[in-house]
Amino acid sequence: MKKIIFILVALVSLPFAVQAKVTLPSILGSNMVLQRNTDVNLWGTAEANKKVKITASWTKEKFSVKADENGKWATTIPTVDAGGPYTLTFDDGEKTELTNILLGEVWVCSGQSNMEMPVGGFMYQPIDGVEKDIAEAYEYPNIRMFTVPRCISETPKEDCDTMWRESSPLTVRTFSAIAYLFGKELNKMLDVPIGLVTSNWGGTIIEAWMSRESLAAIKDRNSSLDARRRGENVPSVLYNGMIRPICNFTAKGFVWYQGESNRGNWYDYVKLQVAQVKLWREIWGNDKMPFYITQIAPYCYEGSNKRLNAIFIDQQYKAADLIENCEVACTQDAGDYSHIHPLKKKRVAERLAMLALANDYGIEGLPSMAPRFNYFVVKGNKLELYFKNIAPPYTTDPLDYRMSSCLYSRETPKGFEVAGEDGKFYPAKGSHRWQRNTIEVWSDSVPNPVAVRYAYCNYPGEANVRTQLGQALPSFRSDQWEIKDEEIK
């Protein structure tokens, strides 16, 4: 009888013993990469009011934190320069140890299907030129990825069921292609470990990645916000299920590839993008975190000559101009007429990486910024176009890296339209004025041009202007005329 009672007591007490052990969220796990040279967040649960001792093998300093009455605890500890592998031990009387930890650079990569698309591609939709990236994945063991599983939640979640994975031919095939190839460029250039936290879901709108409170604030300030897309009708189910579980994890910055599903309410997108960046920086606790937007790529959509894609791209660049520490990676030459998931993911990832390497890691000389239309000067029946993010007038110094920002096209510049006061646009001819690094455009049908557009349609197949080192010129328009419905639908 005593033996039976002893067994029952042991069984009854077993759950409490398990609960007493330190429990960590899945994003704090073995094989992870922690942000170097900063104070990183650590959090979890333990027995109520119990002291948790923390030991990090990269420092002799000891740390501790006390769990509250609900058993929750949170603290920060300092990290050092890049390196590893290290261990991280949590002890409240029973040890929990994390192993194979690296210190390096951590980036959060999120969006819809073009960010979700894996290195191995979607069914019948491969990614160009990744065979070598898969084959040599073992050479990049310091690239680690944490992929948040799809999760819809009406209330904020604190954890998700997944783990950190190291780079290998088997794992890399399932990694987000944009995120992995972005991280690979950083790893090669900086020679430090790279941690990539990816949270993506194809076909999703930006509103679902925001809190109800942030959406309500936009609605209160801007009565024009599309009622169909307000917080009441579009619950923040992805924000709750796929952002809240990772928002305590200390990171360097964000890479965002989303927008195709918001083309229909393009007129709200600037407000939404600005509010989303503000929200994410707030919940990550750093209002200076760099945020890199990926321009949605050309695609036929409603028809190659319709205008909606270009209209939406305008909103992406307008939003970036309003946000500090924010740039757009141009994809004007990376689209595909018949695939909404363009195959040139390496080109896009490399441009995102160059933005980060130039702006956040101080590497000079990279052709990181896409040229942007600035203004034009009327010269008779021609318009001379001037641009930002390019070199000043022609220089004869062959060592001047700004020469990489000279506008260039192998053929004459194509993809332009001009219009007179009647607002009717005609295809325009173009010519480089290389001495001034400008472009002249004109049409015999428009004797007195007052407006110009470039690549201003869903899929501008012949648009060909780029810089000498390959940065494409994004679509633009100089006018603010209303675009008719028949040009969109």
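## A tour of rings and helices

Start by selecting Trp209 and Trp256: both are buried. Keep in mind as you click around that this is a predicted model.

**Stop 1: the tryptophan pair.** Zoom in on those two rings. The centres of Trp209 and Trp256 sit 6.4 Å apart with the planes at 85 degrees, so this is an edge-to-face pair. Now colour by secondary structure to see where the partners come from: Trp209 belongs to the loop between β10 (194-200) and α6 (212-221), while Trp256 is in strand β11 (residues 253-257). The two are 47 residues apart, so the pair links distant parts of the chain.

Next, widen the selection to take in Phe254, Trp280, Trp284 and Phe291: ring pairs tie these together with Trp209 and Trp256 into a cluster. If you feel like hunting for others, the structure has 25 aromatic pairs.

**Stop 2: a tyrosine pair.** Select Tyr337 and Tyr459. Here the ring centres are 5.6 Å apart and the planes stand at 75 degrees, which makes the pair edge-to-face. Tyr337 sits in the loop between β13 (326-329) and α10 (345-359), and Tyr459 in the loop between β21 (451-454) and β22 (466-467). With their positions 122 residues apart in sequence, this pair also links distant parts of the chain.

Buried or exposed, or something in between: what is Tyr337? At 44% relative accessibility, Tyr337 counts as partly exposed. Tyr459 is partly exposed too, with a relative accessible area of 25%.

**Stop 3: Tyr301.** Jump to the loop between β12 (291-294) and α9, where you'll find Tyr301. Its relative accessibility is 21%, so Tyr301 counts as partly exposed; the cut-off for buried is under 20%. Which residues does Tyr301 touch, leaving aside those up to four places away in sequence? Show Glu260, Arg263, Asn309, Ile340 and Asn458 and you have them. For a sense of distance, add Arg372: from Tyr301 it is 71 residues away in sequence and 24 Å away in space, C-alpha to C-alpha.

**Stop 4: α8 against α9.** Finally, show helix α8 (residues 269-284) and helix α9 (residues 308-322), which pack at an angle of about 40 degrees with their axes 9 Å apart. That angle makes α8 oblique to α9, and the crossing is right-handed. To see the contact, turn on side chains for Tyr269, Val270, Gln273 and Val274 of α8, then Phe312, Gln315, Gln316, Lys318, Ala319 and Leu322 of α9. Colour them by class and you get six nonpolar, three polar and one charged residues.

Definitions and conventions
Residues numbered from 1 in each chain as written. Predicted model: local features only at pLDDT ≥ 70, side-chain atom pairs only at ≥ 80, totals over all residues. Heavy atoms only, no water. Axes fitted to C-alpha atoms, helices over the stretch in contact; angles between N-to-C directions. Helix = DSSP H or I, 4+ residues; strand = E, 2+ residues; numbered from the N terminus. Parallel < 35°, antiparallel > 145°, perpendicular 65-115°, else oblique. Left-handed = near helix turned anticlockwise from the far one by under 90°. Contact = heavy atoms within 4.5 Å. Nonpolar A, V, L, I, M, F, W, Y, C, P; charged D, E, K, R; others polar. Buried < 20%, exposed > 50% of the residue type's maximum accessible area, 1.4 Å probe, protein only. Phe/Tyr/Trp six-rings, centres within 6.5 Å; stacked < 30°, edge-to-face > 60°.
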